[in-house]
Amino acid sequence: MARIKAMLLWVWAVLTTPAATLSLAFLTLGGFVGGVMFWGAFNTALELTNTEKFCTSCHEMKDNVYQELTRTVHFTNRSGVRASCPDCHVPHEWTDKIARKMQASKEVWGKIFGTINTREKFLNHRLELAKHEWARLKANDSLECRNCHSAVAMDFTKQTQRAADIHAKYLLPGKATCIDCHKGIAHELPNMKGVDPGWKVPKELEGKELPAASSDDAIGDLRRALAGAHDRVKS
């Protein structure tokens, strides 16, 4: 007991002994408080850059892809659940989120040099931008899609027969990922000439009539047609 007491007194003496001008205890406490403040400020800044308000703060995004998003089922739907920009473009897990933020930091250079600061420039780069995002989602197995959508939680009985068959044959076994079939799900597609459509009719279904689309598919087609007509009128 005496040894323990002596050791504690020695530790306290070391901590309270002035190190140059400040005690070691003060420096340790100051370092801890400084670390907490830095961590809090870092996470606050991270979350501020992870909002739709931040994403649409530059006109390149607000006047182009954001306007397209507002005309899709991800923005307005019967369930009232809205997906924002970071929901679809930033993973939720912290490590993946940091990696994505570092990857996206190069977009600052595009803003500085005005790469897509006009509608004409944006349309000229649209296919290139889309291919980069498709490739990224293909490489990470559509990680951002899985922020909200879980293949194992899908109720195939509530899907159209066509969708249920494709999900069962390709998505669940890992033969395909979301972005293979769902390009253009939230934004208008670029000129797709020469672009692999992703999912193709398998040989066993070639020449056969596929199940008809549901009314939701028809409504989606109508919305896209109206959106295209609206854009042509504006131009």
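**Asking how we know**

Me: Why is C145 called partly exposed?
Reply: Its relative accessible area is 25%. Buried means under 20% and exposed means over 50%, with partly exposed in between (1.4 Å probe, protein chains only). So C145, at 25%, counts as partly exposed.

Me: What sort of model is this, and how are its residues numbered?
Reply: It's a predicted model, in which local features need pLDDT of at least 70 and side-chain atom pairs count only at pLDDT 80 or more, while totals for chains, interfaces and linings use all residues. Residues are numbered from 1 along each chain as its sequence is written, and side-chain values use heavy atoms, with hydrogens and water left out.

Me: How do you know how many disulfides there are?
Reply: A disulfide is a pair of cysteine sulfur atoms within 2.5 Å, and by that rule the count is 0. Take C145: the nearest cysteine sulfur belongs to C178 and is 4.4 Å away, so C145 is in no disulfide. Seen from C178, the nearest cysteine sulfur is that of C145, again 4.4 Å away.

Me: Is C178 buried or exposed, and what makes it so?
Reply: C178 has 16% relative accessibility, so it counts as buried.

Me: Why do we say that E60 and K111 form a salt bridge?
Reply: The term asks for a side-chain nitrogen of Lys or Arg within 4 Å of a carboxyl oxygen of Asp or Glu. Here the N to O distance is 3.1 Å, so the pair qualifies. These two come from distant parts of the chain: E60 is in helix 4 (residues 59–69) and K111 in helix 7 (residues 107–112), 51 residues apart. Helices here are DSSP runs of H or I, at least four residues long, numbered from the N terminus.

Me: What makes E60 buried or exposed?
Reply: E60 has a relative accessible area of 5%, so it is buried. Its partner K111 has 42%, so K111 is partly exposed.

Me: How do you know that K138 and D180 form a salt bridge?
Reply: Their closest N and O atoms are 2.9 Å apart, so the rule is met. K138 sits in helix 8 and D180 in helix 10 (residues 178–181), and 42 residues separate them along the chain. K138 is partly exposed at 44%, whereas D180 is buried at 10%.

Me: How many salt bridges does the whole structure have?
Reply: A search finds 9. One of them joins D141 to R146, with the closest N and O atoms 3.0 Å apart. Through shared partners, salt bridges also tie R100, E133, R136 and E144 into one network.

Me: What makes up the largest nonpolar core?
Reply: A130, W134, L137, I179 and V195, 5 residues in all. A nonpolar core is a set of buried Ala, Val, Leu, Ile, Met, Phe, Trp, Tyr and Cys residues joined through side-chain atoms within 4.5 Å. Helix 8 (residues 119–139) gives the most to this core, with 3 residues.

Me: Which residues is V195 in contact with, leaving aside its neighbours within four places in sequence?
Reply: L127, K131 and W134. Contact means heavy atoms within 4.5 Å.

Me: Why is F32 called exposed?
Reply: F32 has a relative accessible area of 59%, and the cut-off is over 50%, so the word fits. You'll find F32 in helix 2 (residues 24–48).
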